[in-house]
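Q: Could you show me how to read a protein model step by step, starting from the whole chain and ending with single residues?

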Amino acid sequence: MVSLPAIRAHNASLKSLGPGLVAVFVGGTSGISLSTVLAFARNTISPRIYLIGRNRSAADAAIASVKNINPSAEPAFLQSDISLLKNVDRLCCGIAAKERKLNLLFMTPGYMTLKGRDETTEGLDRKFVLHYYARMRFVANLLPLLTAAAQDPSIDTKARLSRVVSVLDPHVAVRLGGSGKLDFSDLSLKHTFSLNKCGAHASLMGDYFLEGLAKRNPHTSFVHAYPSGVATNLFRELPAGRVLAAVLTPLLKPFMVPIEESGERHLFAATSEKFPSKVEGEGMKGSWRSQRRDERGVVVTGSIGMGRYSQRIRNWKVQGIRARWRR
Ligand SMILES: NC(=O)c1ccc[n+]([C@@H]2O[C@H](COP(=O)([O-])OP(=O)(O)OC[C@H]3O[C@@H](n4cnc5c(N)ncnc54)[C@H](OP(=O)(O)O)[C@@H]3O)[C@@H](O)[C@H]2O)c1
């Protein structure tokens, strides 16, 4: 795992990418995405930042923080409920009308629930949409802008950034004790929905989707990140979610990733040359510990030049203790 000082040194070097980076943070009003927004604003020159969510007062506070950290930044809030894909399409059209390139698409929308299938007017489960369908729709719609950023002739090749980061859980199926297989007879889980299956399908289908895009879009790189435990608003939709968070957070705090560190580590995942696009990675040696299970449940290890990576973010202090314990 990369040390926190090395992460900070890398992030501090992002100013060398030049002014005017454009980033879209889906779920940017709270939690992991918001902490990454703040790290991004702190380390870049005149960035244009789009925050997508529903909560206007949270967005206003986020925009004030960004302006305070970096007066040259241009943050904007796009308010929408993205559990409807027609709203995702509308947002993407609006962004495409304003921007000629997109350097970073960072996505964290989601929530915890104990509810069963909760169907939207478009016939999909709401949680499944936030964890999979909406995210992939954003990527597909915004790919022309990401490609334009990857091929921007006004920028030196080494300073070009074109990346997609989806924060969820690359190994959720395995963690839940499942084989990691998809139910091909009911991919949208219309008939066989359970929260476990929804977690596994969203994670695996997201992996396959990004992997396919990485092959067909060799100038953009794609990262699926697992954030470990971070104290955020994730419990808000659980019954007594606030009480649960107030009780659990102090107990779990020593094992959690502090929110600011989470932002710095996710910014690293969003910008580091350790995750090159297929084209940038060609010729680079070495394999990357990017394991996933294929359709048959077999573990597949990724390599540097594939353009699609899994990244697990851990608490740096806990990692240090673990490493000393193993020695
Ligand atoms: N935190 C953890 O420990 C943890 C661990 C493992 C995985 N994860 C995953 O990481 C991701 C980010 O989690 P987080 O902890 O940062 O959560 P969070 O603080 O609850 O943030 C979720 C974001 O999603 C947005 N959102 C939710 N529903 C939306 C909707 N219908 N339309 C538009 N935006 C919506 C929220 O914005 P508004 O409120 O403004 O709508 C908020 O900005 C989630 O997918 C979660 O499953 C988190």
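The dialogue below goes from the overall make-up to the nonpolar cores, then to helix packing and to two loop residues.

Q: What should I look at to begin with, and how many helices and strands are there in the protein?
A: Keep in mind that this is a predicted model, and then take stock of the secondary structure, which comes to 11 helices and 9 strands. The protein has 327 residues, of which 53% are buried. Among contacts between residues at least 6 apart in sequence, 75% join residues at least 24 apart.

Q: How do I read a nonpolar core, and which residues of the largest one touch the most other members?
A: A core is read by asking which buried nonpolar residues are joined through their side chains. In this structure the largest nonpolar core has 44 residues, and Ile 52, Ile 82, Leu 105, Phe 138 and Val 139 are those that touch the most other members. The elements giving two or more residues to this core are β1 (22–26), β2 (48–53), α4 (85–98), β4, α5 and α7 (195–216), and α5 gives the most, with 13 residues. Another core, of 39 residues, lies apart from it and includes Ala 41, Ala 159, Val 167 and Val 223.

Q: What does Ile 82 touch, if residues up to four places away in sequence are not counted?
A: With those residues not counted, Ile 82 touches Val 26, Ile 52, Val 88, Leu 91, Pro 109, Val 129, Leu 130, Ala 134 and Phe 138.

Q: How do I describe two helices that pack together, taking α2 and α3 as the case?
A: One looks at the distance between the axes and at the angle between them, and here the axes of α2 (residues 31–43) and α3 (residues 56–69) come within 9 Å and cross at roughly 25°. Angles under 35 degrees count as roughly parallel, and α2 and α3 are therefore roughly parallel to each other. Their crossing is right-handed. The contact is made by Leu 34, Val 37, Leu 38, Ala 41 and Arg 42 of α2, together with Ala 62, Ser 65, Val 66 and Ile 69 of α3. These residues divide into 7 nonpolar, 1 polar and 1 charged.

Q: At what angle do α2 and α9 pack?
A: Helix α2 and helix α9 (residues 259–271) pack at an angle of about 65°, with their axes 7 Å apart, and they are therefore roughly perpendicular to each other. The crossing of α2 and α9 is right-handed. From α2 the contact takes in Gly 31, Ile 32, Ser 35, Thr 36, Ala 39, Phe 40 and Asn 43, and from α9 it takes in Ile 259, Ser 262, Gly 263, Glu 264, His 266 and Leu 267. By class, this contact has 5 nonpolar, 7 polar and 1 charged residues.

Q: How do I judge a single loop residue, and is Leu 114 buried or exposed?
A: Relative accessibility is the value to consult, and exposed means over 50%. Leu 114 has 66% relative accessibility and so counts as exposed. Leu 114 sits in the loop between β4 (104–107) and α5 (126–150). Not counting residues up to four places away in sequence, Leu 114 touches Leu 195, Leu 238 and Pro 239. The C-alpha atoms of Leu 114 and Leu 195 are separated by 7.6 Å, although these residues are 81 residues apart along the chain.

Q: Why does Ser 30 count as it does, buried or exposed?
A: Buried means under 20%, and Ser 30, at 14% relative accessibility, therefore counts as buried. Ser 30 has its place in the loop between β1 and α2. Leaving aside its neighbours within four places in sequence, Ser 30 is in contact with Asn 233 and Arg 236.

How values were computed
Residues numbered from 1 in each chain as written. Predicted model: local features only at pLDDT ≥ 70, side-chain atom pairs only at ≥ 80, totals over all residues. Heavy atoms only, no water. Axes fitted to C-alpha atoms, helices over the stretch in contact; angles between N-to-C directions. Helix = DSSP H or I, 4+ residues; strand = E, 2+ residues; numbered from the N terminus. Parallel < 35°, antiparallel > 145°, perpendicular 65-115°, else oblique. Left-handed = near helix turned anticlockwise from the far one by under 90°. Contact = heavy atoms within 4.5 Å. Nonpolar A, V, L, I, M, F, W, Y, C, P; charged D, E, K, R; others polar. Buried < 20%, exposed > 50% of the residue type's maximum accessible area, 1.4 Å probe, protein only. Core = buried A, V, L, I, M, F, W, Y, C linked by side-chain atoms within 4.5 Å.
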